[in-house]
Amino acid sequence: MTKSAKKTTAKPDTTALTSAMAAGSPAARMWLDIMAESTRFVSERLQNDLETQRAMLRCQSPADLVQVQSDFFRKAMEQYSSEAQRLFDIMTEATGDTVKDAKTGTKRGYDDVPL
């Protein structure tokens, strides 16, 4: 009987893979930008949620609690609105890049169409 060799699988270099995808098309670059921005935003929001929970635990009166909750919701709405604008800007930029890439280098004039 022969011994079977262990199969070793090399993990792909994610940095190289990401770079290759980003260079491939504006749409792939857009999705990578959206994923990075979303990850950053979620991380920031989770940190804010934890800070708010700590502030709620420190409240001494119902009025303090209402103030903390009010501040939390106001700040959250501002952050979600700002994040939506950032994602919109990323998509708008990618759309502009796609349209720019799709245009040809030559322009047709009205005079070159045979009648």
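Is Y80 buried, partly exposed or exposed, and what is the relative accessible area of Y80? In this predicted model, Y80 is partly exposed, with a relative accessible area of 44%. The environment of this residue is best described after the overall fold and the confidence of the prediction.

The protein chain contains three helices and zero strands, and the order of elements along the sequence is α-α-α. Across the protein chain the pLDDT averages 80, with 63% of the residues scoring at least 70. Confidence is not uniform among the elements, since helix α1 (residues 14-24) has the lowest mean pLDDT, 60, whereas α2 has the highest, 92. Of the 115 residues in the protein chain, 18% are buried, and the chain exposes about 9900 Å², of which carbon and sulfur atoms supply 61%. Among the contacts in the protein chain with a separation of 6 or more, 65% are between residues 24 or more positions apart.

Helix α2 comprises 32 residues, and the distance from its first C-alpha to its last is 46 Å, close to the 46 Å expected at 1.5 Å a residue. The buried residues of α2 include P26, A28, M30, L32 and I34 in the earlier part of the list, followed by E37 and F41, and then by R45, N48, T52 and A55. Two of these buried residues, E37 and F41, recur in the side-chain pairs described below.

Two aromatic pairs were counted in the model. In one of them, F41 and Y80 are arranged edge-to-face, with 5.0 Å between the ring centres and 75° between the planes. This pair links distant parts of the chain, as F41 belongs to helix α2 (residues 26-57) and Y80 to helix α3 (residues 62-102), 39 residues apart. The two partners are not equally covered: F41 is buried, because its relative accessible area of 7% falls under the 20% limit, whereas Y80, at 44%, lies between the limits of 20% and 50% and therefore counts as partly exposed. The other pair is formed by F72 and F73, which are likewise edge-to-face, with a centre-to-centre distance of 5.3 Å and an angle of 70° between the planes.

Charged side chains were examined in the next step. Side chains of opposite charge can pair when their charged atoms come close. Seven salt bridges were counted in the model. Within helix α2, the side chains of E37 and R40 meet in a salt bridge with an N to O distance of 2.5 Å. These two residues are three residues apart in the helix, so that about one helical turn separates E37 from R40. E37 counts as buried at 13% relative accessibility, while R40, at 33%, counts as partly exposed.

R40 also takes part in a salt bridge with E83, for which the N to O distance is 3.1 Å. The pairing of E83 with R40 links distant parts of the chain, with E83 in helix α3 and R40 in helix α2, 43 residues apart. E83 is buried, because its relative accessible area of 4% is under the 20% limit. When residues up to four places away in sequence are not counted, E83 touches E37, S38, R40 and F41. The contacts of E83 thus include R40, its salt-bridge partner, as well as F41, the buried member of the aromatic pair with Y80.

A further salt bridge is found within helix α3, where R74 and E78 are paired with their closest N and O atoms 3.4 Å apart. Both residues lie in helix α3, four residues apart, a separation of about one turn of the helix. R74 counts as partly exposed at 46% relative accessibility, and E78 is also partly exposed, with a relative accessible area of 47%. Elsewhere, salt bridges that share partners join E37, R40, E44, E83 and R86 into one network.

Taken together, helices α2 and α3 are linked in the model by the edge-to-face aromatic pair of F41 and Y80 and by the salt bridge between E83 and R40. In the aromatic pair, the helix α2 residue F41 is buried and the helix α3 residue Y80 is partly exposed; in the salt bridge, the helix α3 residue E83 is buried and the helix α2 residue R40 is partly exposed.

Notes
Residues are numbered from 1 along each chain as its sequence is written. Side-chain values use heavy atoms; hydrogens and water are left out. Rings of Phe, Tyr and Trp (its six-membered ring) pair if their centres lie within 6.5 Å; planes under 30 degrees apart count as stacked, over 60 as edge-to-face and the rest as tilted. Buried means under 20% relative accessible area, exposed over 50%, partly exposed in between (1.4 Å probe, protein chains only). Contact means heavy atoms within 4.5 Å. Accessible areas come from the Shrake-Rupley method with a 1.4 Å probe; for residues, only the protein chains shown count as cover. pLDDT is the predictor's confidence in each residue, from 0 to 100. The expected span of a helix is 1.5 Å times one less than its number of residues. A salt bridge is a side-chain nitrogen of Lys or Arg within 4 Å of a carboxyl oxygen of Asp or Glu.
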